[in-house]
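Let's take a walk through this structure together, from its strands to its pocket and its rings.

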Amino acid sequence: MAVATLGAVVLDCPDPVALGGFYAEVLGGEIEREEDWVDLKGATGVTLSFQAAPGFVPPQWPRPDGSQQFHLDLTVRDLDAAEREVLALGAKVLEAEDRERTFRVYADPAGHPFCLCAG
């Protein structure tokens, strides 16, 4: 028997409104705002939340001396089309040179790594 259910995945960031807006454009869903907190609901079945973190330092990927801590795998139908869209929204390429792979790695505007995965 499970002890708990997953209520949300929460990302620290310098600007919850901006990062919530980025993921709302990428995933869809509805934004709910509170002071220093944004919830993105209805996009994935699990709430994706963003909280203000003063002094936020983004994870570095890949780094042998530091962990990326976590990343999101986002399934897409067309890697090239999805890449154009996330870059237009402010994502940065971390690793996408190998066009034969079934995934590519990016950073969101706050620096969190995420993958676009062929699905």
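Two strands count as paired if DSSP finds at least two bridges between them. This is a predicted model, and in it β6 and strand β7 (residues 103-107) meet that rule, pairing in the antiparallel sense over 3 bridges. If you would like to find one of the contacts by eye, start at Val93: its bridge partner in β7 is Tyr106.

This pair belongs to an open sheet of 4 strands, in the order β5-β8-β7-β6, with mixed pairing. At the edges are β5 and β6 (92-95), each of which pairs on one side only. From one strand to the next, the twist averages 35°.

Now to the largest pocket, which has a volume of about 150 Å³. Its lining includes Glu25, Leu74, Ala82 and Leu116. By kind, the lining residues divide as follows:

| Kind of lining residue | Number of residues |
|---|---|
| nonpolar | 8 residues |
| polar | 1 residue |
| charged | 2 residues |

Which elements each supply at least two residues of this lining? They are α1 (16-27), β5 (72-76) and α2 (79-88). The edge strand β5 thus appears in the pocket wall too.

Last come the aromatic rings. A search of the whole structure finds 5 aromatic pairs, and ring pairs link Phe22, Tyr23, Phe50, Tyr106 and Phe114 into a cluster. Tyr106 is the residue met above as the bridge partner of Val93. Another ring, that of Phe103, has the charged end of Arg101 sitting over it, 4.1 Å from the ring centre.

Conventions:
Residues numbered from 1 in each chain as written. Predicted model: local features only at pLDDT ≥ 70, side-chain atom pairs only at ≥ 80, totals over all residues. Heavy atoms only, no water. Phe/Tyr/Trp six-rings, centres within 6.5 Å; stacked < 30°, edge-to-face > 60°. Lys NZ or Arg CZ within 6 Å of the ring centre and 35° of its normal. 1 Å grid on protein atoms, 1.4 Å probe; cavity = no way out; pocket = protein on both sides within 12 Å on 5 of 7 lines; lining within 4 Å. Points joined across faces, edges and corners; volume = space filled by probe spheres on them. Nonpolar A, V, L, I, M, F, W, Y, C, P; charged D, E, K, R; others polar. Axes fitted to C-alpha atoms, helices over the stretch in contact; angles between N-to-C directions.
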